[in-house]
Amino acid sequence: QINEAEVVLFSVPSYACQRRTTLDNHNTTLTDALSLLAENAELSEEDGRGVAFRRAAAVLKALPAPVTAMSQLRGLPCLGDHSLRVIKDILENEASDEVESTKQSERFKALKVLTGIFGVGAKTADRWIRDGIHNLHQLRESGAALNRAQQAGLEHYDDLKQQVTKAEADAITEIVQEAVISVLPGAQVVLTGGFRRGKQTGHDVDFLITHPEEGREVGLMPKIVFWLESKGFLLYQKTTRNSYLEVKDGPGRPSSNMDRFERCLSIFKLAEKEERAIKVTENTVKTKDSVRDHTQSETDQDPQSHSYERHELTNPPVHRRWRAVRVDLVVSPISQFAFALLGWTGSKLFERELRRWAGHVKAMSLSSHALYDNKQSRYLRAASEEEIFAHLGLEYIPPSERNA
Ligand code: GTP
Ligand code: MN
Ligand code: MN
């Protein structure tokens, strides 16, 4: 029996955009479980349930210590009956039957594999599963029609499901920077998404590009893409006008310069770093020397790895020297830059909560383009993220604390 007086009670504001959520999460078991249920709901196109689980997980991510008793959760926002039941199961039995059976379910596994292909969403995956396609082999054999994105996604499946490291993100940043400077001197590149929030790995690398002189960014994306393509950096790209919030914008539907907001979904061909290649060779030499020093070592060594090492010394390495990495590029006019930066930094739930706060609490419409005040019937300008938070009546939350 836990003494009530010793139980740490937590207090958390309702909206994720009012909270400081760093990457150090004291409740990963619980948040992993709730995130899995959220993912399952999203993959089943039950977005309402998905958001409910995401919000519950986000509350636990914001807690300063591990939850040890249900009583600590009293009064916390966003914890519905379903989420509470899952938390209780895990606290009492170390696991939740619902989470475990979801993880094991053939449908969930198939949805994960199929939507893990770049270009494949929940709808397509569901259709394929109904046609008896549950894995990549069956998909390849089925003759199902694939669009260009899906073909590229399937081709680079193994690379793309591997997390991108910060070092790889930095290498890609250098390439994108060179591309942008070459086609438009003075243009600026900012790393956004999870890496801007301080994450050490990600599923892709996100960039926002602008120019300090309004209008200079027009036509920039095709030039960047052409430069990258001509240098052989792109395995796939599709450039589209951004239409993310266009429909929803309603009265907040901004001016004509919205047409300039362009986005490129791409797959980069990232060469292995030269230093890394050299290091591999050095190690190989050392191994060879030490092998020579020991008389019995020829027999001790795994013959295959030995011949591989020797092979590497004399010939170019047999392994591939590059890998595929997902990269998102967005171009924004400087007048919308702060909104675009805020909108593309994430996390997804933090963004969703910012818009919910804007709408419900402030009667404003926030998008990655603008902030519209419905009561004053006017746009609120902002040159920085700080100004947007101030317009919204929120304390400024830096990117590293937006990991809701
Ligand atoms: P990982 O890439 O998995 O590390 O996480 P991430 O937070 O970087 O996620 P992701 O790259 O999917 O998205 C980055 C940010 O861009 C998030 O805040 C998304 O809400 C936002 N985002 C993604 N797609 C769109 C879009 O089509 N339009 C706009 N405006 N924002 C988007
Ligand atoms: Mn990302
Ligand atoms: Mn992205």
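**Overall fold, a helix pair and a two-manganese site**

The protein chain contains 18 helices and 10 strands. The model is a predicted one, and a good way into it is to start with the chain as a whole. Of its 404 residues, 45% count as buried. Contacts across the sequence are also worth a look: among those with a separation of 6 or more, 70% are accounted for by residues 24 or more positions apart.

One pair of helices shows how such elements can meet. Helix H5 (residues 106-115) packs with helix H6 (residues 122-130) at an angle of about 125°, and their axes are 9 Å apart. This angle makes H5 oblique to H6. The crossing in which H5 passes H6 is right-handed. On the H5 side, the contact is made by Arg-107, Ala-110, Leu-111, Leu-114 and Thr-115. On the H6 side, Ala-122, Ala-125, Asp-126, Trp-128 and Ile-129 take part. Sorted by character, the residues of this contact comprise 7 nonpolar, 1 polar and 2 charged.

Attention now turns to the metal ions. The manganese ion (ligand 2) is coordinated by Asp-204 (OD) and Asp-206 (OD), at 2.0 to 2.1 Å. For the manganese ion (ligand 3), the protein donors are Asp-204 (OD), Asp-206 (OD) and Asp-328 (OD), which lie 2.1 to 2.2 Å from the ion. Along the chain, the donors of ligand 3 follow the spacing D-x1-D-x121-D. Two of these donors link distant parts of the chain: Asp-206 belongs to strand S4 (residues 205-210) and Asp-328 to strand S7 (residues 322-331), 122 residues apart. The two manganese ions, ligand 2 and ligand 3, are 3.6 Å apart, and Asp-204 coordinates both.

How accessible are the aspartates of this site? A residue counts as buried when its relative accessible area is under 20%. Asp-204 has a relative accessible area of 6%, so this residue is buried. Asp-206, with a value of 10%, is therefore buried too. Asp-328 has a relative accessible area of 6% and so is likewise buried.

Taken together, the metal site can be followed from residue to residue. Asp-204 is a buried residue that coordinates both manganese ions. Asp-206 in strand S4 and Asp-328 in strand S7 bring in parts of the chain that are distant from one another.

Terms used. Residues numbered from 1 in each chain as written. Chains lettered and ligands numbered in written order. Predicted model: local features only at pLDDT ≥ 70, side-chain atom pairs only at ≥ 80, totals over all residues. Heavy atoms only, no water. Axes fitted to C-alpha atoms, helices over the stretch in contact; angles between N-to-C directions. Helix = DSSP H or I, 4+ residues; strand = E, 2+ residues; numbered from the N terminus. Parallel < 35°, antiparallel > 145°, perpendicular 65-115°, else oblique. Left-handed = near helix turned anticlockwise from the far one by under 90°. Contact = heavy atoms within 4.5 Å. Nonpolar A, V, L, I, M, F, W, Y, C, P; charged D, E, K, R; others polar. Donors = N, O, S within 2.8 Å, 3.2 Å for Na, K, Ca; no water. Buried < 20%, exposed > 50% of the residue type's maximum accessible area, 1.4 Å probe, protein only.
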